Amino acid sequence: MDFKPLSGREFPRYSALKTFFRLPVAKVSEKFDVALFGTPFDGGVSYRPGQRFAPSRVRELSSLGRGFHMSREMQIFDRLRVADVGDSPTVPIDIQQSYEMIENFAAGILKTKKKFISVGGDHSTTLPLLRALRKHYKKPLAFIHFDAHFDTYPAAWGCEYHHGSFARHAVEEGLVDPGQMIQIGIRGPLAGGDDLNFLKKNKIKVYTVDDIRKNSLESFLKKLPRFGATPTYLSFDVDALDPAYAPGTGTPVIGGLTSYETQKILRSLKVANLVAGDVVEICPPYDHGDITSLLAVDVMFELLCLMANSKKK
Ligand code: MN
Ligand code: MN
């Protein structure tokens, strides 16, 4: 198998079976570099549901994904062998069973020494992926987290596990190293001042939209820390963007990033060892003209470029 996308001249981009970036479907056991998959679970949302429909919608829109990155001058599909491995199994009405299935699915990919990108699902799906990575790499990961929200909130309705608590669990379970963790795109309102305590206690570096806009974007980009040899994970919640740029999401917050600011930040990140990532909280039933799914395709593209620039394991 050559792991190249289907040609748009042979099959126009609106045609053919939909896979991520029109890439071949492969078994995890085959030999390639990066596995793309869907994690269609939205049982952890507190407001608008529908993120379970994102993997199919993003596959559809990724027909418009092309392989050559203009500013990086890189043909990603010459640098990496990438394939669609389908969706992780989930149980739509049970978060614990889904967590076990998602963790096992990711562990199966890691066992074959591949990197991966997951398309959620709500943000609760990141936790089992991090659990699989923590076991595989035997140390806490460096963590880059785009979001409007901290996702370090307490239990809700007596439930510990939901889309707003995954980052707290990731720190408490020792899956990520808070000293090598940044959050980008954060903004209020918060439920109360207590929401800041966990971040302060663990000294997690937070970049609010105010921080990003205070001076020029170029000067902000220079402030971003470099990520070194530690296996690094990038989790991208699409609500980091303003709902004008990403309306199809579960808990929109106004005053967010633009698509262009997001691209500039992703292109400026220096990550020496990006091992996995995800794009979450895309909610197609609330999207307009597939704006948010199209954004997700571009985030996946930037993640692939960051992986190509990372060292070989
Ligand atoms: Mn989130
Ligand atoms: Mn969020």
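This is a tutorial dialogue on reading features of a predicted model.

Q: Let's start with the metals. Which residues coordinate the manganese ion (ligand 1), and at what distances?
A: A general yardstick comes first: ideal angles at a metal are 109.5 degrees for four tetrahedral donors, and 90 or 180 degrees for six octahedral ones. Here, the manganese ion (ligand 1) is held by His123 through ND1 and by Asp147, Asp151 and Asp237 through OD atoms, at 2.0 to 2.2 Å. Written along the sequence, the spacing of these donor residues is H-x23-D-x3-D-x85-D.

Q: What does that spacing say about which parts of the chain come together?
A: The site links distant parts of the chain: Asp151 sits in the loop between β6 and α5, while Asp237 belongs to strand β9, 86 residues apart. Asp151 and Asp237 are each buried.

Q: Which residues coordinate the manganese ion (ligand 2)?
A: The donors of the manganese ion (ligand 2) are Asp147 (OD), His149 (ND1), Asp237 (OD) and Asp239, which is listed with OD twice, at 2.1 to 2.4 Å. The donor spacing for the manganese ion (ligand 2) reads D-x1-H-x87-D-x1-D. Distant parts of the chain are linked here too: Asp147 is in the loop between β6 (141-146) and α5 (166-172), and Asp237 is in strand β9 (residues 232-237), 90 residues apart. Asp147 and Asp237 are both buried.

Q: How far apart are the two manganese ions, and which residue bridges them?
A: The manganese ion (ligand 1) and the manganese ion (ligand 2) lie 3.2 Å apart, with Asp147 as a bridge.

Q: On to empty space. How is a pocket found, and what is the volume of the second largest pocket?
A: The idea is that rolling a probe the size of a water molecule over the atoms shows where empty space is left. In this model, the second largest pocket has a volume of about 250 Å³. Its lining is made up of 19 residues, and those closest to the centre are Ser46, Tyr153, His162, His163 and Gly164. Sorted by class, the lining of the second largest pocket has 7 nonpolar, 7 polar and 5 charged residues.

Q: How many disulfides are there?
A: In general terms, a disulfide is a covalent bond between the sulfur atoms of two cysteines. The count for this model is 0 disulfides. Take Cys159: the nearest cysteine sulfur belongs to Cys283 and is 20 Å away, whereas a disulfide needs a pair of sulfur atoms within 2.5 Å.

Q: Are Cys159 and Cys305 buried or exposed?
A: Cys159 is partly exposed, because its relative accessible area is 42%. Cys305 has a relative accessible area of 0%, so Cys305 is buried.

Q: How do I check the length of a helix such as α10?
A: Compare the expected span with the distance between the end C-alpha atoms. At 1.5 Å a residue, the 19 residues of helix α10 (residues 291-309) should span 27 Å; the end C-alpha atoms of α10 are 28 Å apart, which agrees. As for its surroundings, 15 of the 19 residues of α10 are buried, so α10 is largely enclosed by the rest of the structure.

Q: Where are the cis peptide bonds you would point out?
A: Omega is the angle to look at. One cis bond runs from Gly120 to Gly121, with omega near 15°, and Gly121 lies in the loop between β5 (115-120) and α4. Another cis bond runs from Gly188 to Pro189, with omega near 5°; Pro189 is in the loop between β7 (176-186) and α6 (197-202).

Q: Which residues other than glycine have a positive phi?
A: Among them is Ala16, with phi near 75°. Ala16 lies in the segment before β1 (34-39) and is partly exposed, with a relative accessible area of 35%. Asp290 is another, with phi near 60°, in the loop between β10 (274-280) and α10.

Q: What contacts in space show how the chain folds back?
A: Look at C-alpha distances beside sequence separation. Arg134 and Pro231 are 97 residues apart in sequence and 9.4 Å apart in space. Arg134 belongs to helix α4 (residues 126-137) and is partly exposed, at 27% relative accessible area. Phe227 and Phe143 are 84 residues apart in sequence, with 9.1 Å between their C-alpha atoms. Phe227 is in the loop between α8 (217-223) and β9, and its 7% relative accessibility means that it counts as buried.

Methods:
Residues numbered from 1 in each chain as written. Chains lettered and ligands numbered in written order. Predicted model: local features only at pLDDT ≥ 70, side-chain atom pairs only at ≥ 80, totals over all residues. Heavy atoms only, no water. 1 Å grid on protein atoms, 1.4 Å probe; cavity = no way out; pocket = protein on both sides within 12 Å on 5 of 7 lines; lining within 4 Å. Points joined across faces, edges and corners; volume = space filled by probe spheres on them. Nonpolar A, V, L, I, M, F, W, Y, C, P; charged D, E, K, R; others polar. Buried < 20%, exposed > 50% of the residue type's maximum accessible area, 1.4 Å probe, protein only. Donors = N, O, S within 2.8 Å, 3.2 Å for Na, K, Ca; no water. Helix = DSSP H or I, 4+ residues; strand = E, 2+ residues; numbered from the N terminus. Expected span 1.5 Å × (residues − 1).
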